[in-house]
Amino acid sequence: MANGSTAGTAAPWRILSLPPVGKEVVRGLFAPLGDAAEVVFPATRDRAGLLAALPSADIVIADFSRGFVLDAEAVAAARRLAFVQMPAVGVDRLDLAALTAADVPVANAAGFNARGVAEWAVGAAFALCRNLAWGDRAVRAGGWPQAEMAERNPREVHAQRVGIAGFGAIGAEAARLFAALGCAVSYWTRRRRPEAAATYRELDDLVATSDILVLALPLTDETRGLIGPERLALLPADALLINVARGGIAPDGAVLAALESGRLAGAALDVFEHEPLPPEHPLRSREDVLLSPHAAGSSVQSQRNLLAAVRENVTAAVQGRDVRNIVNGVKPQVIRR
């Protein structure tokens, strides 16, 4: 079994890049590899195109947009697969169990958008606390709701207790930014962080003491539905929810019910259970919800960080060096099959 060396007459590594990352972008990333690698794409943008392209792929740059899912059937078709790079942090579009059983290392781009998403969460907190989107809409419609703005319970962010569920790169950065504003910041995660500049609380206690609850944790079997009706009912009166994680952690229906009941005074949602959010979904018509199309991490700086992380990791695999940010426990040395 050959390793990552490109010496001698070894055939080029075949890098299969899935949408939505643009073809010219991907070609540019790996042009410096020269004859050591060949970049290919599915012939058609459908399931058949994916399954047809996988058998000859050594490396897959996965799809973060839900269009191409690497499930067990796809993994079984990828007989030569040696490495999967996810150009995102979340890996819920991949069948990690099947990839691990096949001894295929999977890496994500951990931390690439931590600052961008954390800043979005802080910006969303300002928007909700001061009803900025509502005021903008009212003025654009010809109104001048100066008195109404004062009646909508505007708050200063620094006076809010902020709870952050999840304390990876995004959660830690969000905690730092909120603390810099003067907020009392608490957090919950499955493993306490002694170095954290925030107060650890058990999850139910965190929810019950958070004027602003920020969700920044991955979607797994354990976290799906974690912030459902029962936990949302623990929130203080007039609490705000900010979700920059995944929609399945706080199901859309549970969030809608909490808004309708008045338990939630508002929500800022960058993610949803089903994306795009259906056109007639009731969340679209609520004035107390700030909606975003899964774009919290889409800053220029974040995108540059992402492309650099993908380039560096795939290049390391081709050149026989260990890859970084493995998420499924497989050894970081990529072995060609």
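## The sheet

Let's start with the sheet: seven strands line up in the order β8-β7-β6-β9-β10-β11-β12, forming an open sheet with parallel pairing. Strands β8 (199–200) and β12 (289–291) sit at the edges, where each pairs on one side only. Keep in mind as you look around that this is a predicted model.

To see the pairing up close, pick out β6 (residues 161–165) and β7 (residues 184–188). These two strands run parallel and are joined by five bridges. One bridge to find for yourself links R161 with its partner A184 in β7.

## Helices on the sheet

Now look for helix α8, which spans residues 169–180 and packs on the sheet. Helix α8 touches β6, β7 and β9 (212–215), and its direction makes about 170° with that of β6.

A second helix to find is α11, covering residues 252–261, which also packs on the sheet. The strands that α11 touches are β10 (239–243), β11 (264–269) and β12. Compared with the direction of β11, that of α11 makes an angle of about 145°.

## A look at R130

Where does R130 lie? You will find R130 in the loop between α5 (114–129) and α6 (132–140). Its relative accessibility is 43%, so R130 counts as partly exposed: that value falls between the 20% and 50% cut-offs for buried and exposed.

Which residues does R130 touch, leaving aside those up to four places away in sequence? They are M149, P154 and R155. You can also trace from R130 to V157: these residues are 27 apart along the chain, and their C-alpha atoms are separated by 8.7 Å.

Key
Residues numbered from 1 in each chain as written. Predicted model: local features only at pLDDT ≥ 70, side-chain atom pairs only at ≥ 80, totals over all residues. Heavy atoms only, no water. Pairing = 2+ DSSP bridges. Helix = DSSP H or I, 4+ residues; strand = E, 2+ residues; numbered from the N terminus. Contact = heavy atoms within 4.5 Å. Axes fitted to C-alpha atoms, helices over the stretch in contact; angles between N-to-C directions. Buried < 20%, exposed > 50% of the residue type's maximum accessible area, 1.4 Å probe, protein only.
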